[in-house]
Amino acid sequence: FGGETHTFSILADHREENYRGVVDGSRYEKERTGLAGEYILDLPSNTTLSGALRHAWNSGFADATTWRLALSQRFPTTGTRIHASAGK
């Protein structure tokens with residue numbers, strides 16, 4: 001609308017591990033499924049805002065939800081930028 005760029009990405013992944021222990025011969029089965037999304041807003045003022053969220057369902061340990069928020073300001077005349085982010 002005002003020259004900004006919007007980017008939205010999604011990710012789905014699934015992983016299974018099935019193996020037998022060398023020492024004791026025990027069978028192990030692990031499974032993980034994840035779903036994630038990220039949104040990036042790039043403004044004409046050389047400012048970029050982004051946010052991401054991911055949830056992972058795990059059989060080997062507790063399920064986890066992680067997130068990230070970030071802000072970046074570019075200074076084209078000097079070729080530098082400042083960046084701040086927070087997340088879990």
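Arginine 32 has a relative accessibility of 28% and therefore counts as partly exposed, since that class lies between the buried limit of 20% and the exposed limit of 50%. In this predicted model, the side chain of arginine 32 meets that of aspartate 13 in a salt bridge, with 3.5 Å from N to O. The two partners come from distant parts of the chain: aspartate 13 belongs to strand β1 and arginine 32 to strand β2 (residues 27-42), 19 residues apart. Aspartate 13 is likewise partly exposed, because its relative accessibility is 21%.

A search of the whole structure finds 5 salt bridges. Side chains of opposite charge can pair when their charged atoms come close. One of these bridges joins arginine 68 and glutamate 38, whose closest N and O atoms are 2.5 Å apart. Arginine 68 sits in strand β4 and glutamate 38 in strand β2, so this pair ties together parts of the chain that are 30 residues apart in sequence. Both residues are open in part to the surroundings: arginine 68 is partly exposed at 29% relative accessibility, and glutamate 38 is partly exposed with a relative accessible area of 25%.

Strands β4 and β2 also supply the partners of another bridge, this one between arginine 74 and aspartate 42, with the closest N and O atoms 3.0 Å apart. Here arginine 74 lies in strand β4 and aspartate 42 in strand β2, and 32 residues separate them. Arginine 74 counts as partly exposed at 28% relative accessibility, and aspartate 42 is partly exposed with a relative accessible area of 26%. Salt bridges with shared partners also join Asp13, Arg32 and Arg54 into one network.

The strands that carry these residues can now be placed in their sheet. The sheet is open and has 5 strands in the order β1-β2-β3-β4-β5, with antiparallel pairing. Its edges are formed by β1 and β5 (80-87), each of which pairs on one side only. On average, neighbouring strands of the sheet are turned by 15 degrees against each other, direction ignored. Strands of a sheet pair through backbone hydrogen bonds, either parallel or antiparallel. At the β5 edge, strand β4 (residues 64-75) pairs with β5 in the antiparallel sense over 8 bridges. As an example of such a contact, glutamine 73 has isoleucine 82 in β5 as its bridge partner.

Aromatic side chains add a further detail, as the structure holds 1 aromatic pair. The ring centres of tyrosine 19 and tyrosine 28 are 5.3 Å apart and the ring planes meet at 25 degrees, so the pair is stacked; the angle falls under the 30 degrees that count as stacked. Tyrosine 19 is partly exposed because its relative accessibility is 35%, and tyrosine 28 is partly exposed with a relative accessible area of 34%.

Finally, the surface includes a nonpolar patch of about 370 Å², made by Phe8, Ile10 and Tyr39. Phenylalanine 8 is found in strand β1 (residues 5-20), which is one of the edge strands of the sheet. With 59% relative accessibility, phenylalanine 8 counts as exposed, because the exposed class begins over 50%.

How values were computed
Residues are numbered from 1 along each chain as its sequence is written. This is a predicted model: local features need pLDDT of at least 70, side-chain atom pairs count only at pLDDT 80 or more; totals for chains, interfaces and linings use all residues. Side-chain values use heavy atoms; hydrogens and water are left out. Patches are made of residues with over 30% relative accessible area and no salt bridge: like charges are joined within 9 Å, nonpolar side chains (Val, Leu, Ile, Met, Phe, Trp, Tyr) within 5 Å. Accessible areas come from the Shrake-Rupley method with a 1.4 Å probe; for residues, only the protein chains shown count as cover. A salt bridge is a side-chain nitrogen of Lys or Arg within 4 Å of a carboxyl oxygen of Asp or Glu. Helices (H or I, at least four residues) and strands (E, at least two) are DSSP runs, numbered from the N terminus. Buried means under 20% relative accessible area, exposed over 50%, partly exposed in between (1.4 Å probe, protein chains only). Two strands pair if DSSP finds at least two bridges between them. Axes are lines fitted to C-alpha atoms, for helices over the stretch in contact, and angles run from 0 to 180 degrees between N-to-C directions. Rings of Phe, Tyr and Trp (its six-membered ring) pair if their centres lie within 6.5 Å; planes under 30 degrees apart count as stacked, over 60 as edge-to-face and the rest as tilted.
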